[in-house]
Amino acid sequence: MEITGKVEFISTLEKGTDKNGKEFEKAYFVVNDGIGQYPNKYKIELFNKTDLMRGVAIGSELTASVNASVNEWKEKHYCSLSAYKIEKVGTEAIAPTQQAAPVNTNDPLPF
């Protein structure tokens with residue numbers, strides 16, 4: 001699935017360790033598709049792929065290729081959009097590197 005729009009928010013980079021002792025990094029950004037009177041906003045997550053955010057800034061127009069998934073934890077369901085490819089509108093795919101400042105968290109993931 002592809003989502004095209006303008007970036008409205010970029011989170012800080014978070015680093016931590018999961019319950020199995022494996023290190024991870026995650027970040028997310030919000031894209032507004034600008035379609036119609038009530039445009040949609042999408043929170044797009046990057047889990048261990050934060051290098052895809054290279055060149056992405058607030059106000060950037062991009063197309064994000066995402067996978068939609070649902071996870072269950074304690075009888076609650078959580079939906080996420082995870083990016084596997086990001087392209088600025090009218091350009092090639094964005095090359096890997098880190099964009100945001102790291103934030104340490106040792107909280108285990110719930111799923």
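Hi everyone, this is a short walk through some side-chain pairings in the structure above. One thing before we start: this is a predicted model.

Let's begin with charges. How many salt bridges are there? The count comes to 2 salt bridges. One of them joins glutamate 8 and lysine 41, with an N to O distance of 3.1 Å. If you look at where these two sit, glutamate 8 belongs to strand β1, residues 2-10, while lysine 41 belongs to strand β4, residues 41-47, so this salt bridge ties together parts that are 33 residues apart in sequence. As for their surroundings, glutamate 8 is partly exposed at 34% relative accessibility, and lysine 41 is exposed, with a relative accessible area of 56%.

Another salt bridge links glutamate 87 with lysine 85, and here the closest N and O atoms are 3.1 Å apart. Glutamate 87 counts as partly exposed, at 25% relative accessibility. Lysine 85 is partly exposed too, with 35% for its relative accessible area.

Now for a charged residue without such a partner. Please find aspartate 33, in the loop between β3 and β4. This aspartate 33 is buried and yet has no salt bridge. Which side chain of opposite charge is nearest to aspartate 33? That would be lysine 41, and it is 9.9 Å away. We met lysine 41 a moment ago, as the salt-bridge partner of glutamate 8.

So what does lie around the side chain of aspartate 33? A polar atom of that side chain lies 3.1 Å from the backbone nitrogen of isoleucine 35. The backbone nitrogen of asparagine 40 is 2.9 Å from a polar atom of the aspartate 33 side chain. And if we set aside neighbours within four places in sequence, aspartate 33 is in contact with Thr4, Gly5, Pro39, Asn40 and Tyr42.

Let's move on to the rings. A pair of aromatic rings is described by the distance of the centres and the angle of the planes. In this model the count comes to 2 aromatic pairs. Take phenylalanine 9 and tyrosine 28: their ring centres are 5.7 Å apart and their planes stand at 35°, so this pair is tilted. Phenylalanine 9 is in strand β1 and tyrosine 28 in strand β3, so the pair ties together parts 19 residues apart in sequence. Phenylalanine 9 is partly exposed, at 38% relative accessible area, and tyrosine 28 is also partly exposed, at 26%.

The other pair is phenylalanine 24 with phenylalanine 47. Why is this pair called stacked? The ring centres are 5.5 Å apart and the planes are at 20°, so the pair is stacked, with the cut-off for stacking being under 30 degrees. Phenylalanine 24 lies in strand β3 and phenylalanine 47 in strand β4, so these rings tie together parts that are 23 residues apart in sequence.

Is phenylalanine 24 buried or exposed? Phenylalanine 24 is buried, with a relative accessible area of 5%, whereas phenylalanine 47 is partly exposed at 39%. Strand β3, the home of phenylalanine 24, covers residues 23-32. The C-alpha atom of phenylalanine 24 is 8.2 Å from that of glutamate 14, and those two residues are 10 apart along the chain.

I'll finish where charges and rings come together. Have another look at tyrosine 28, the ring that pairs with phenylalanine 9. The charged end of lysine 43 sits over the tyrosine 28 ring, 4.4 Å from the ring's centre. Thanks for listening!

Note on methods:
Residues numbered from 1 in each chain as written. Predicted model: local features only at pLDDT ≥ 70, side-chain atom pairs only at ≥ 80, totals over all residues. Heavy atoms only, no water. Salt bridge = Lys/Arg side-chain N within 4 Å of Asp/Glu carboxyl O. Helix = DSSP H or I, 4+ residues; strand = E, 2+ residues; numbered from the N terminus. Buried < 20%, exposed > 50% of the residue type's maximum accessible area, 1.4 Å probe, protein only. Lys, Arg positive; Asp, Glu negative; His and termini not counted. Polar contact = N/O pair within 3.5 Å; in protein donor to acceptor, adjacent residues only side chain to side chain. Contact = heavy atoms within 4.5 Å. Phe/Tyr/Trp six-rings, centres within 6.5 Å; stacked < 30°, edge-to-face > 60°. Lys NZ or Arg CZ within 6 Å of the ring centre and 35° of its normal.
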